[in-house]
Amino acid sequence: MTTKPKAKKFRIRRTSSGGAAAAAARPVEAPGPDSSAKAAGATTQASASEVKSTQATASAGQKDAKPSAATGQAMSGQVSSARETKTSTDIDEIRREGLTGRQLRMARRVAQQHNLPVTSDFEAVRLLRLKGIDPFKRSNMLELVVPQNKARPEGAPDPGAIQLPQTVPAAKTTLPSTELSPAERRNKEIQEIQRDIAKRRRRKLWLLLGRLSFFVMLPTLITGYYFYAVATPMYSAKSEFLVLKADSAGSMSGLLSGTQFATSQDSTAVQSFLQSKEAMLRLDEEVGFKAHFTQDWIDPIQRLDPAASNEQAYKIYSRNVKIGYDPTEGVIRMEVTAADPVVSAEFSDRLISYAQEKVNHLSEQKRSDQVGEAEAALELAETKRRQAQEHLVRLQQKGAVLDPEGVILSLRSQISTFEVQLQEKELELAALMDNTRPNQAKVAGAEADISRLEALIQRLNDRMTDAAAGENSLASLSVQIQMAQADLATRDLMLQSALQQVETTRMEANRQVRYLTTAVEPVPSEEPSYPRKFENTILAFLIFSGIYLMCSLTASILREQVSS
């Protein structure tokens, strides 16, 4: 506990001026602890005693000095009753403000800096306020810090400054200092840094909210307003259909018939056709696709310009006709969107009919080519067989013999028979010649028979080997006829194979026929399917947020690279 020291006796140096004497007679108030109620009470008591002592000193000085009336009253403290009452009232009000001892000492030092004749701390506050000076302003305190005169020794009084009597030697003072301790100073600096950080964070937070509002929230609100208030409702008609293959029992391909493996290429081709510009142009020619989307009551974003090109119309077509193929089930799903539910169903029906025609024409060329080639091969085989048969007939007619082999066999049989008879006649002649006296008549008859048989055999041999009447021999004719017969047999086999190929090709062509079966018929919807207001608004918010995030990250990275 620190108590305020009290001086029992003062040595007052009288001067010619009452104010100077009062200032010299005023003791220096010892500094007390900051923001302490006891210090404030002690200061108040000391100030009251100082007022009384100062008034007594001023009365004593008034007897010696002879100043003027106004100057004497101001310097000696003699005032009229009204002014004294007002002054006391001002001081009482200042006391009720609850000023701390530190603030009162600051006010006295500022008053000394401005050479004001003060009698107490509260008087210093009152006089400073009358002169329009704030005693608690930081700039006033900085002005009190003046450089020390190096020529003057330390502790020597400054002749130009007002010196007050010291109750305690400055070198031996044990009173608490008004300066802050290092811990308190560090805590104060930390608090200032924290306040500065919080201020910067609040400023950055407000800037971030502003940027988010401008770059994210405002575009999202505009997008939501379009979807909820401006966008024209669109109606969709959904349908599903399959591309099937003809059944082919008893073959390996029949195991895959009706599955996605058998018709995947055809389904993909149909999907590509329905998404092509050809389908859009045909739909426009027959139903009026462009005319429907150029109506005035459709919103500007979804509306088609009346003078739009086919490419611009195709963009609208691609956006409103969505086709998907499911390879696991082999189902083609189609969704057609239009501003009128009846029109959307009509568009869907027309597109399905176009797809059915396309499916029928997909394998038509292939089937016709296969059947045509098989029929051409059959016709060629028939022609060749006919030619071989005609050649055989000509060979048969050339020798006037229908069966040369039979003729040759007959001649060979005759020659064998005549040769046997010739041998018998020779044996008979030999038997006759063995007699001593043979019968000449029988011998002559036998020899005549032998001669005749030899001539007949010779003619038969010549008939078989030699040409007669400018024609080939029977052997050559027989060989030619055999070759013609073999050629005819070959042509018969080729004709039979061609016939079988034609039948097989026709069956295969029938199996290659594709059929489009509609599983789900398009039905006009009663409620609009598009736009999906809430989902589209949320999607727009996410898109704008992503764009802002990417841009901010890019800017931060570039700024960091530039600064480094």
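## Around helix α6

Let's start at a glycine: Gly132, just after α6, takes a positive phi of about 80 degrees. Keep in mind as you browse that this is a predicted model.

The helix before that glycine, α6, spans residues 121–130, and 8 of its 10 residues are buried, so α6 is largely enclosed by the rest of the structure. The buried set holds charged and nonpolar side chains alike in its listing: Asp121, Phe122, Glu123, Ala124, Val125, Arg126, Leu127 and Leu128.

## How α10 meets α13

Next comes a helix pair. Helix α10 covers residues 277–286 and helix α13 covers residues 341–362; their axes lie 11 Å apart, and the two pack at an angle of about 125 degrees. Because angles between 115 and 145 degrees fall outside the roughly perpendicular and roughly antiparallel ranges, α10 counts as oblique to α13. As for handedness, α10 passes α13 in a right-handed crossing.

## A nonpolar patch on the surface

Over on the surface, you will find a nonpolar patch formed by Met217, Tyr228, Phe534, Ile538, Phe541 and Leu542. Together these residues have about 590 Å² of accessible area.

Which elements give two or more residues to the patch? They are α8, residues 182–230, and α18, residues 533–563. Of the contributors, α18 gives the most, with 4 residues.

Phe534 is a handy one to look at within this patch. Phe534 is found in helix α18, and its relative accessible area is 53%. Phe534 therefore counts as exposed, since the cut-off for that label is over 50%.

Methods: Residues are numbered from 1 along each chain as its sequence is written. This is a predicted model: local features need pLDDT of at least 70, side-chain atom pairs count only at pLDDT 80 or more; totals for chains, interfaces and linings use all residues. Side-chain values use heavy atoms; hydrogens and water are left out. Patches are made of residues with over 30% relative accessible area and no salt bridge: like charges are joined within 9 Å, nonpolar side chains (Val, Leu, Ile, Met, Phe, Trp, Tyr) within 5 Å. Accessible areas come from the Shrake-Rupley method with a 1.4 Å probe; for residues, only the protein chains shown count as cover. A salt bridge is a side-chain nitrogen of Lys or Arg within 4 Å of a carboxyl oxygen of Asp or Glu. Buried means under 20% relative accessible area, exposed over 50%, partly exposed in between (1.4 Å probe, protein chains only). Axes are lines fitted to C-alpha atoms, for helices over the stretch in contact, and angles run from 0 to 180 degrees between N-to-C directions. Angles under 35 degrees count as roughly parallel, over 145 as roughly antiparallel, 65 to 115 as roughly perpendicular and the rest as oblique. A crossing is left-handed if the near helix is turned anticlockwise from the far one by less than a right angle, and right-handed if clockwise.
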